[in-house]
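Here are some notes on side-chain contacts and exposure, set out as numbered points. Please read them next to the sequence and the structure.

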Amino acid sequence: MNLSQVEAFCLVADTGSVSEAARQLDCNRTKLSMAIKALEKELNTELFVRSGNNVTLSEAGKAIYKDCENLLVTSARIKQTCAQASGEFNAEVWIARDDSLPDEFWQDLAHTLNNRFPATSFNMVLASSGDLANLVETGQVDYAFGVDYERTDDPRINYQPLGKIRLMSVCKQAHPLSKLRRVSDEVLRNSMQAVMVYLNEKDNPELQPFSLRYIGFSSFDYMLNTILTEEAWGVLPEPLIHHHLRAQELSVIKHTYGLTQEDYCMFTAAGMTEHPGMTWLADKLNEYLFDF
């Protein structure tokens, strides 16, 4: 049994398709099928139930899946430790963030981070909140920061809460919803909603539209602009809309959906040694959220 066979097994289990797993691994489908069959032969058991082009885990496959995942996590941790010891670590760091906190605040953090840790190149990309964990899990970025809508029991991801962030259902001051002393479910469902959308294929009830009519964006800022200019409502983070509320440009909708809280997290791959710059950044984000 080798790691490439274990990786093939886990990816086929995750995707439910040999073809899709081969595409993601950028390898030949026949070669991938042979790796699975070699693993099954060595373990003397069938790991999948095959039906045409579809494959599902057998009982034996289900029993060993979590251990195989942990093997891959341990392998990644060993490689990361060796890279650090050989001096190849942290020459470049990729960071994804959502826009739940003001852009000006992030710009200040980025400039300070660059000046405090000049030996490292930092690359920051903007992403939808729902995509952050997936970007880290798939290795597209090293760290991610944002609202955590999708806490899952995934051994490949570490979730470090940095503070609570309040989410508010709001509409512009002139919107009919702002005039109601109590907004019912029916009224809210029949009002246009600006919602968060994301590319990750996993279903997430936290991000499902409440209204029957809605328009989706991958950015809180785009949602905000739509709410300020159109007859729409939406759920937005308090730090992003604080000054709009003070200026009475936005109103909080009087509905049970009106105020909720979520964790604001740092996402990292399991086993990754934390860059000192990310420790500094996490502390600054924690201070900022504590002040709210």
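1. Is Glu 20 buried, partly exposed or exposed? Glu 20 has a relative accessible area of 26%, so it is partly exposed. Keep in mind throughout that this is a predicted model.

2. The side chain of Glu 20 forms a salt bridge with that of Arg 23, at 2.6 Å from N to O. Both residues belong to helix 2 (residues 18–25), and because they are three residues apart there, about one helical turn separates them. Arg 23 has 56% relative accessibility and therefore counts as exposed, the cut-off for that class being over 50%.

3. A salt bridge with similar spacing along the sequence can be found in helix 10 (residues 276–291), where Glu 287 and Lys 284 lie three residues apart, about one turn of the helix. Their side chains meet at 3.9 Å, N to O; the criterion for a salt bridge is within 4 Å. Glu 287 is partly exposed at 43% relative accessibility, and Lys 284 is partly exposed at 31%.

4. Glu 231 and Lys 172 also form a salt bridge, with 3.6 Å between the closest N and O atoms. This pair links distant parts of the chain, 59 residues apart: Glu 231 is in the loop between helix 8 (220–229) and strand 9 (233–237), while Lys 172 is in strand 6 (residues 157–172). What is the burial class of each partner? Glu 231 is partly exposed, with 43% relative accessibility. Lys 172, at 17%, counts as buried, since buried means under 20% relative accessible area. The count of salt bridges in the model comes to nine.

5. Turning to the rings, the model has seven aromatic pairs. One of them joins Phe 9 and Phe 48, whose ring centres are 5.5 Å apart and whose planes make an angle of 55°, a tilted arrangement. Phe 9 lies in helix 1 (residues 3–15) and Phe 48 in strand 1 (residues 48–51), so the pair ties together parts of the chain that are 39 residues apart in sequence. Phe 9 and Phe 48 are both buried. Together with Tyr 65, the two phenylalanines form one aromatic cluster.

6. Which geometry does the pair of Phe 217 and Tyr 222 have? The ring centres of Phe 217 and Tyr 222 are 6.2 Å apart and the planes stand at 75°, so the pair is edge-to-face. The centre distance falls under the rule for a pair because centres within 6.5 Å qualify. Phe 217 is buried, at 17% relative accessibility, whereas Tyr 222 is partly exposed, at 48%.

7. There is also a contact between a charge and a ring. The charged end of Arg 189 sits over the ring of Phe 210, at 4.6 Å from the ring centre.

8. On the surface, Met 1, Leu 3, Leu 43 and Leu 71 make a nonpolar patch of about 340 Å². Leu 43 belongs to helix 3 (residues 29–43). With a relative accessible area of 36%, Leu 43 is partly exposed; this fits its place in the patch, because patch residues need over 30% relative accessible area.

Key. Residues are numbered from 1 along each chain as its sequence is written. This is a predicted model: local features need pLDDT of at least 70, side-chain atom pairs count only at pLDDT 80 or more; totals for chains, interfaces and linings use all residues. Side-chain values use heavy atoms; hydrogens and water are left out. Rings of Phe, Tyr and Trp (its six-membered ring) pair if their centres lie within 6.5 Å; planes under 30 degrees apart count as stacked, over 60 as edge-to-face and the rest as tilted. Helices (H or I, at least four residues) and strands (E, at least two) are DSSP runs, numbered from the N terminus. Buried means under 20% relative accessible area, exposed over 50%, partly exposed in between (1.4 Å probe, protein chains only). A charge sits over a ring if NZ of Lys or CZ of Arg is within 6 Å of the ring centre and within 35 degrees of the ring normal. Patches are made of residues with over 30% relative accessible area and no salt bridge: like charges are joined within 9 Å, nonpolar side chains (Val, Leu, Ile, Met, Phe, Trp, Tyr) within 5 Å. Accessible areas come from the Shrake-Rupley method with a 1.4 Å probe; for residues, only the protein chains shown count as cover.
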